[in-house]
Amino acid sequence: MKSFALAGALAAGLMAATALSTSAQAQTLTIGVRAGPESIDPHWSTLGSHAEALRHIFDTLVGVDEDLQLVPALATSWTPVDDTTWEFKIREGVKFHDGTELTAHDVKFSIERIPVVTGPMSMTIYTKRVAEAIVVDDYTLHVRTNGPAPTLPNDFIRLFVVQDDIGMEPRNEEFNSGEAAIGTGPYRLVSWEPKGDLVLERFEDYWGEEPHWETVIRKEIPNDPARVAALKSGQVDMINYVPATDYAAMQRDSSVETFIGDSVYILDIYFSFADQLPMKVRVDGQEIDENPFQDARVREAFDLAINRDALVRVVLEGLGKPANQLMPPHFFGGSMDLPEREYDLERAKELLAEAGYPNGFEVDFRCTNNRLPGDAAVCEALGQMWARAGLTVNAEAQNGTVFFPAVSRKEYSMWMSGWGTLTGEASYTYGSLVHTNDPEVGLGAFNRADYSNPELDALIQEAAAELDDDRRAELFEEVTEISMNERILIPTVQLQTVWAAKPDMLEFTPRIDQETLAHHISPAQ
Amino acid sequence: MIGFLIQRLIQAIAVVFVMSLIVFVGVYAIGNPIDVLIDPAADQALREALIRQYGFDQPLPVQYVTFLGNMLTGDFGESFVYRLPVLDLILSRLPATLELALSAMLIATLVGIPLGIWAGYKPDSLSAKLIMGFSVLGFSVPTFWVGLLLIMVFAVELGWLPSGGRGPTQEVMGVDVSILTGEGLSHILLPAFNLALFKLGLLIRLARAGMVEVMSSDFVRFARAQGLPERQVVSLHVLKNIAIPIVTVFGLEFGSTLAFAVVTETIFNWPGMGKLIIDSIMLLDRPVMVAYLILVVILFVTINLVVDLTYGQLDPRIRTKGAA
């Protein structure tokens, strides 16, 4: 009898143990990610995957929601005190992972540390407007800017706050080992190695909403088929950046659940406006001296010959949206009034004839093949679409390692490249792409097309210094409309991103910045 | 003997020198690493400042001489991407690659050579034909495709083995090893087999060809005529004579497996050196590329040296010539 009871107790114990282990399992989230951080020092790099991973360990001064709109984070509010001063109120009662409390001193230190330690993907782009950070009291910080800087809070969505006593020196080793990796974020670092697994555990004293998962493992699996296989074999619970071809198959597969979200990335076509094209166009096999892209009718013809619906439906397997401007229209400074782009082959041919190219011309067209999902496929499809308008476009997709340096040397006459409005507002995009390349004012750095329009430059500069949000939005809407009607660049499609997970395991709202944040993922109810 | 070693050393230094020059010129021709790495929101001043900071504004010869000078003091520089000393970065990945390459070579040797010998010993049997058919598949079917197939069958459909990654590691004499646990073994099985496949085919064919040739030679006939048991004929006289080409190929293959296990490492997400070098090439992380290739040169020179020394052991004639 006694032994019987013992057996019963044992069995009960075993059952309890099993129950425990399953609930412990449910507490762990394993994510297969395409790319991870390059270091645990949050000030090292501006790379998207770097920021995404470190958002678990560190908090930023200003936060963003799923749609890249500003929300309070370590700062509870921000207001301009005068033309060149912003006041940030720092959240009280926020604890670092070692128990010390966050103050304005830590924020000031973080701003000042960035220029000292940042690497080739320099974070100084987010602090370059700062002239001085002044601690008013423990929970108030004044930031003086060089000139009016209305987008400073947008810049600070990437301002990760570290403790002010960790020292200024660059010390990636100490961050990687965890010694210096003390943030205020929802998770604390357990271990990481370059290109390997990032292991995180929940920080119990987190100031925000308690994260659902006790342990989070982010496995870096850059190869697409390998990442999909890891999910299907159950090695990971969730993956990001599902390739379009696998997405099509997954829709018929009940063992996988997919999540689709818009991305900030739009594939844009660039024309060189230089008087002498670096790669001359050919009419009937003869190189000509003129640059046809200086003629607005030619640019319009290229635009009209693009069948954006077909691009989305056929080339991208439905994972995209036709784009009519360089960023999602509802972003700050986007235009809701711009019409959808039309597809009109006849009109395109007429315009080409009017411009003096009744038989079209031949041009080389370059793009990337490894930067964004579908970039090479869209590029080649575009070549074929333009062929139907009588143009001979030699589309060539290249590795980004070759493409980007060549674009910066201005070696191409026409190219396609993705652009993501990562700050969620227009000055980032239009200031960089359509303003004249002018080192004096620090604008137009990525205007490799040599486009220059003084009227537009004046508008952008006026808008960039305007502190009144409504007025600034209006000015940028005007910039957007002029640029798009001029067809300085031609937007084609806005890409969408796919995540996949084990079915009914979790709830997840895709973010437009494509970040996969464990503290925003909850177990399925 | 010492003269021979010194000669090898000089050769190695010359190769390292030429190779680093080629990599330098190559990267310089592709373009500026800053243009690949830079953030889209950077302005012109920042770009200039970064180019100056990393010394890319210097003419190529100056960059190269600076690099050579640092290298002579043992400083290979820091990775642009990770800001870690490149040597540490590469050496931290070496155990994983070494483990994978050794396992693959072990599979290839232990399976390939006996099969090849058998196929050469009974060249007309059905089993020999099957073995030869398999060997053709082994080196004609692309590695990445077989790798994906292995994953689909054993990881996704059957669920017997993990689809990728490396198992938990233990430290043995300062080196992280994963093959001491069952979980570690289950992780390494598929990638090691995948990597072994090509070598397996090669070794089968080499062993068979040598076998067929040697079996019809005079000394084998004499040995048989002498009444030696067949087992002794094969293991004592034949094997020793087919060993030299096998050792040569083994050495070369081992070197290339270590240096270029890239495809297998990528598909199985094995945290080895191959993945590191591919990523570094994509980002034009020049310090890592140069240091890695120098390591590869040293590796090949060392392996060739070991192979040469082994010849001497296997065939006394080569030893005499070397001494003369």
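Helices here are DSSP runs of H or I with at least four residues, strands are E runs of at least two, and both are numbered from the N terminus. With that settled, here are my notes on this predicted model.

1. **Chain B overall.** Chain B has 14 helices and two strands. Its C-alpha atoms occupy a box of roughly 85 × 60 × 35 Å along the principal axes. Of its 324 residues, 36% count as buried. If you look at contacts in chain B between residues at least 6 apart in sequence, 71% of them link residues at least 24 apart.

2. **The opening helix of chain B.** Helix α1 of chain B covers residues 2-30, and a rise of 1.5 Å a residue predicts a span of 42 Å for its 29 residues. The C-alpha atoms at its ends are 42 Å apart, which agrees with that expectation. Directly after α1(B) comes B:Gly31, with a positive phi of about 145 degrees.

3. **B:Glu78 and its surroundings.** B:Glu78 belongs to the loop that runs between α4 (60-72) and α5 (86-121) of chain B. Is B:Glu78 buried or exposed? There are 20 C-beta neighbours inside 10 Å of it, and a residue is buried at 20 or more, so B:Glu78 counts as buried. Setting aside neighbours within four places in sequence, its contacts are B:Arg83, B:Leu84, B:Pro85, B:Val86 and B:Pro287. One pairing spans a long stretch of sequence: B:Val288 is 210 residues from B:Glu78 along the chain, yet their C-alpha atoms are separated by 7.8 Å.

4. **Two positive phi values that deserve a look.** Most residues other than glycine have a negative phi. A:Asp284 is not a glycine, yet its phi is positive, at about 50 degrees. In chain B, B:Leu284 likewise has a positive phi of about 50 degrees without being a glycine. Where do they sit? A:Asp284 is in the loop between β13 (282-283) and β14 (286-287) of chain A, while B:Leu284 is in the loop between α12 (273-282) and α13 (286-314) of chain B. Their surroundings can be set side by side: A:Asp284 has 9 other C-beta atoms within 10 Å and is exposed, whereas B:Leu284 has 24 C-beta neighbours inside 10 Å and counts as buried.

5. **A helix pair inside chain A.** Helix α8 (residues 296-304) and helix α10 (residues 345-354) of chain A have axes that come within 8 Å and cross at roughly 160 degrees. An angle over 145 degrees counts as roughly antiparallel, so α8(A) and α10(A) fall in that class. Their crossing is left-handed. From α8(A), the contact uses A:Arg297, A:Val298, A:Glu300, A:Ala301 and A:Leu304; from α10(A), it uses A:Arg347, A:Ala348, A:Leu351, A:Leu352 and A:Glu354. By class, the residues of this contact are six nonpolar, no polar and four charged.

6. **Where the chains meet.** How many residues of chain A are in contact with chain B? The count is 41 residues of chain A, in contact with 44 residues of chain B. On the side of chain A that touches chain B, α5 (172-177), α6, α12 (400-408) and α13 (426-433) each supply at least two residues. The largest share of that side, seven residues, is from α12(A). Sorted by class, the side of chain A that touches chain B holds 20 nonpolar, 15 polar and six charged residues.

7. **α6 of chain A, a helix facing both chains.** Seven of the nine residues of α6(A) are buried, leaving the helix mostly covered. These are A:Ala226, A:Arg227, A:Val228, A:Ala229, A:Ala230, A:Leu231 and A:Lys232. Within chain A, the buried residues of α6(A) pack against β1 (28-33), β11 (238-239), α7 (244-250) and β19 (489-501); in chain B, they pack against α7 and α11 (262-267). Just after α6(A), A:Gly234 adopts a positive phi of about 85 degrees.

8. **α6(A) against α7(B).** The axes of α6(A) (residues 224-232) and α7(B) (residues 143-157) come within 10 Å and cross at roughly 10 degrees. Angles under 35 degrees count as roughly parallel, and therefore α6(A) and α7(B) are so described. A:Pro225, A:Ala229 and A:Lys232 of α6(A) meet B:Leu148, B:Ile151, B:Ala155 and B:Val156 of α7(B). Six residues of this contact are nonpolar, none is polar and one is charged.

Technical notes: Residues numbered from 1 in each chain as written. Chains lettered and ligands numbered in written order. Predicted model: local features only at pLDDT ≥ 70, side-chain atom pairs only at ≥ 80, totals over all residues. Axes fitted to C-alpha atoms, helices over the stretch in contact; angles between N-to-C directions. Parallel < 35°, antiparallel > 145°, perpendicular 65-115°, else oblique. Contact = placed C-beta atoms within 7 Å. Nonpolar A, V, L, I, M, F, W, Y, C, P; charged D, E, K, R; others polar. Buried ≥ 20, exposed ≤ 12 C-beta atoms within 10 Å, placed from the backbone. Expected span 1.5 Å × (residues − 1). Left-handed = near helix turned anticlockwise from the far one by under 90°.
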